[in-house]
Amino acid sequence: MSQPIVPQKTYVLVFLCLIGLTILTTAVAFKDLGPFNTVAALAIAFAKMLLVILFFMGVRHSSGLIRIILVAGFFWLALLIAFTMSDYRTRSWTPAPDSWSSTAPPTHP
Amino acid sequence: MSTATLEPRVHAQRNYLNDDYGWKSWLFTRDHKRIALLYLVSITFFFMIGGSFAVLMRIHLVEPQGALVQPETYNKLFTLHGIVMIFFFLIPSIPAVLGNFLVPLMVGARDLAFPRLNLLSWYIYIVGGLFTLYSAIAGGVDTGWTFYTPYSSTYSNTQVTAVAIGVFITGFSSILTGLNFIVTIHKMRAPGLTWFRMPLFLWAMYATSIIMVLGTPVLAITIFLLALEHLFHVGIFSPALGGDPLLFQHLFWFYSHPAVYIMILPAMGVVSEIIACFARKRIFGYRIVAFSSVAIAVLGFLVWGHHMFVTGQSVYAGLIFSLLSFLVAIPSAIKVFNWTATLYKGSISYDAPMLYAMGFIGLFTMGGLTGLFLASLATDVHLNGTYFIVAHFHYIMVGGAVMGYLGGIHFWWPKISGRKYPNGWAALAAAIIFIGFNLTFFPQFVLGYLGMPRRYAFYPAEFQVLNVMSSAGATVLGVGYLIPLVYLIWSMRYGPIAESNPWGATGLEWKTSSPPPTENFAEIPVVTEEAYAYAAEEAAGD
Amino acid sequence: MTDAEAHGQLAGLAHQFEDLEQQQEADALGIWLFLVTEIMFFGGLFAAYAIYRWLYFSAFQGGSHILDIRLGAANTIVLLASSLTMALSVRSAQTGNRRATVTFLIATMILGGTFLGIKGVEYNQKFVEHVVPSLDWAPEGQSLARLAPGGLDHAQIYFFFYFAMTGLHALHMIIGMALLLWLVLRARKGDFTPHYFAPVEVVGLYWHFVDIVWIFLFPLLYLIGGRY
């Protein structure tokens with residue numbers, strides 16, 4: 001972990017960016033952008049995360065191995081969410097008979 | 001064996017076993033070799049516990065109405081059998097015993113990267129085991145090792161929380177072991193030991209560790225949520241609130257499917273080492289086998305939905321999971337082809353380790369092929385929930401993983417203990433295990449195909465003959481397992497003293513004494529040749 | 001190199017490593033792998049959250065609007081500041097400034113404690129409003145008005161996630177505080193030099209990770225669907 005010494009000013013600057021993004025995301029939450037609210041919130045969160053990872057955690061100067069490991073971790077989480085979500089999203093593609101629904105009136109045998 | 005040096009038949013030399021005495025030197029050790037032995041004793045203990053549950057089940061099943069226990073008790077037996085065997089025997093077995101012992105030796109290092117974490121790993125495992133033993137004694141668990149909700153979270157009144165804590169804690173043991181291996185293999189290889197000169201056992205350990213590190217945390221959070229729900233009687237898996245029981249299954253199987261690769265990949269690594277040594281040949285297609293290990297680890301994460309074909313998952317998700325499940329069979333098959341090709345024109349000797357390795361290849365292939373019936377959506381509808389599944393996974397876990405483990409124990413026993421065991425008894429035990437195993441589990445394929453459900457305490461009378469056959473086989477299998485216990489312990493005191501390389505095998509672990517000194521090597525070796533340089537040795541030797 | 005440099009080099013070298021550089025690389029790889037396990041650990045929760053948010057969006061939205069956005073935003077800023085002081089502490093250790101290292105560590109602890117304090121206030125508020133699943137679930141008044149449209153049962157699922165995710169996060173914060181205290185004690189003794197400050201760096205990485213989890217928790221729990 002013999003990394004170059006980062007100037008204090010850089011850290012403070014990154015911190016101010018993070019504060020700015022926090023204010024931004026809070027402000028955006030008070031506007032009605034429909035589904036874009038979620039997109040904006042996640043995009044800003046990703047940006048903040050990148051700032052913390054690259055600057056505070058020093059990944060800017062890290063070896064390729066560390067970067068691959070980090071990407072792999074996020075990729076694996078994405079796999080978990082994507083594959084699981086794919087089940088829920090495609091259930092309605094095969095409609096079930098009404099009689100299977102708990103709100104359907106019971107039928108006599 | 002022409003290059004083996006003769007050593008004095010007196011155990012005067014300093015090694016890791018006699019370097020220090022007393023219980024503190026064992027319980028506070030940082031030596032990876034001693035920690036491996038701590039694990040060896042613990043997992044053998046849990047194997048016997050899990051095996052006892054199996055024995056009780058097989059006795060119960062000789063009668064169609066059940067011969068031994070109440071159905072509620074039977075449910076607890078199969079649950080605890082699964083939990084103990086999977087989490088406390090199979091998952092740690094090869095990595096924590098053989099991996100811990102051999103990884104530093106094989107890379108040419110003095111220890112793993114984090115020796116204290118290694119010891120912590122063992123203590124975590126023991127604490128988890130104690131919680132699980134407590135849950136068994138305090139009434140047991142009857143949910144099945146898969147803990148499906150909402151039964152486990154809402155309706156079961158058995159020791160779900162206690163066993164959940166046990167499994168949760170033990171998961172961290174697995175994570176730390178995997179973490180240790182990855183760092184060791186990346187950063188501590190001896191000079192000259194490039195990635196593609198490593199023995200395939202190391203590739204197997206590396207691939208296994210990837211799964212341990214990426215998968216086990218998801219099990220941990222799933223069990224955590226389950227315990228929360230069981231304790232507070234409300235939660236996200238509860239249909240009463242609009243929760244989906246299938247979400248539990250998704251999260252559970254995201255780990256538990258790759259977990260089966262944690263159990264089989266190390267055994268495959270062992271088999272590669274044994275086949276190369278006892279055929280006196282380099283493994284055919286070394287790089288392909290190495291890449292296959294990693295491919296299995298990666299692809300293994302993409303198939304978990306095949307456990308959920310009939311529980312309500314979307315058909316389209318099922319299609320994708322089915323396709324990927326077929327794909328993951330390919331690297332496994334590649335390995336089987338490569339081992340077979342290695343045997344071809346090899347100079348084969350049939351010592352005990354080789355018997356286990358060859359048994360592995362046959363039984364694993366059968367287990368793997370039957371997996372294809374289960375990966376296919378339509379046939380799985382018929383076979384799911386039957387004894388076909390039970391037979392399938394026992395062929396792989398017992399016929400495969402356990403035989404790989406035993407083969408590895410027999411192969412490296414001289415290195416670990418400094419003693420040799422009687423090969424006649426070892427071969428006999430291997431044969432008894434092979435016969436007993438097939439007698440136990442082959443009838444279960446038939447039973448499952450004919451429709452006998454799994455996890456049932458009773459069955460239709462027409463299935464009795466096959467069940468009795470299976471129980472008879474289990475008796476033979478049990479005897480087979482006890483024999484090595486006897487002669488291996490016997491050998492520690494009365495076995496002939498082993499030289500540093502009794503099998504004439506390649507690999508850095510054979511270049512140091514048997515048993516190795518605490519610091520592994522007098523001097524860190526420098527590697528100059530490829531792995532499995534048997535041909536060169538043959539040419540130079542005789 | 002001088003004798004002092006050599007001594008500094010050897011100080012803290014574990015026997016299984018050939019040199020300090022190998023040890024440092026192994027330590028770095030080790031902590032990053034551990035953080036990946038934490039990504040998957042929290043990730044399981046995030047995955048479950050994602051599913052239910054998609055299934056019961058209006059219930060999640062209603063639940064989100066009951067949370068106090070000012071306290072959430074304040075906590076976010078507090079935690080980001082603590083990441084700043086943590087990074088500055090690591091840098092101070094790297095430059096051999098013992099006093100600054102300790103000062104920044106203590107500042108990080110104070111900020112972390114502030115975060116936990118505000119969290120405590122928020123949790124207490126949930127009990128006052130009776131929106132704690134299982135322990136005190138009886139929404140009334142404005143809470144009831146906000147939660148009823150999405151379904152009270154589904155709202156309970158939302159609050160289960162609220163407590164599980166922020167609770168797990170808070171647990172990690174508490175562990176982090178203990179680690180910081182350990183670092184303060186070691187740093188005051190002068191354990192760390194520019195050649196050996198791995199523990200500070202390792203705890204720093206852990207602390208930043210916990211911060212990143214909150215960076216996502218804030219929008220996902222507090223800012224669902226907009227507050228218009």
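This is a short dialogue about reading a few features of a predicted model.

Me: Let's start with chain contacts. How many residues of chain A are in contact with chain C, and how many of chain C with chain A?
Reply: Keep in mind that the model is predicted. The idea is to count each side separately. Here 39 residues of chain A are in contact with 42 residues of chain C. On the chain A side, α1 (8-28), α2 (36-56) and α3 (64-90) give two or more residues each. The most comes from α3(A), with 13 residues. By class, that side has 28 nonpolar, eight polar and three charged residues.

Me: And which elements of chain B supply the side that touches chain C?
Reply: Start with the counts again: 31 residues of chain B are in contact with 29 residues of chain C. α6 (160-187), α7 and α8 of chain B each supply at least two residues of that side. α7(B) has the largest share, 10 residues. The side divides into 22 nonpolar, six polar and three charged residues.

Me: How is chain A itself divided into domains?
Reply: The domain assignment gives domain 1 (1-57) and domain 2 (63-91). Taken over C-alpha atoms, their centres are 21 Å apart.

Me: Now a helix. What span should helix α9 of chain B have?
Reply: You compare an expected span with the distance between the end C-alpha atoms. For α9(B), residues 286-299, the 14 residues should span 20 Å at 1.5 Å a residue, and the ends are 20 Å apart, so the two agree.

Me: Which residues of α9(B) are buried, and what covers them?
Reply: The buried ones are B:Y286, B:V289, B:A290, B:S292, B:S293, B:I296, B:A297 and B:L299. What covers them includes α7 (200-232), α8 (245-278) and α10 (315-343) of chain B.

Me: What about backbone oddities, say phi and omega?
Reply: Most residues other than glycine have a negative phi, and most peptide bonds are trans. So look for the exceptions. The bond from B:T149 to B:P150 is cis, with omega near -5°, and B:P150 is in the loop between α4 (115-137) and α5 (151-155) of chain B. Another cis bond joins B:S514 and B:P515, with omega about -10°; B:P515 is in the loop between α15 (464-494) and α16 (534-541) of chain B.

Me: Where does B:R455 lie, and is it buried or exposed?
Reply: B:R455 has a positive phi, near 60°, and lies in the loop between α14 (423-450) and α15 of chain B. B:R455 has 15 other C-beta atoms within 10 Å, so it counts as partly exposed.

Methods. Residues numbered from 1 in each chain as written. Chains lettered and ligands numbered in written order. Predicted model: local features only at pLDDT ≥ 70, side-chain atom pairs only at ≥ 80, totals over all residues. Domains from an automatic or database assignment. Helix = DSSP H or I, 4+ residues; strand = E, 2+ residues; numbered from the N terminus. Expected span 1.5 Å × (residues − 1). Buried ≥ 20, exposed ≤ 12 C-beta atoms within 10 Å, placed from the backbone. Contact = placed C-beta atoms within 7 Å. Nonpolar A, V, L, I, M, F, W, Y, C, P; charged D, E, K, R; others polar.
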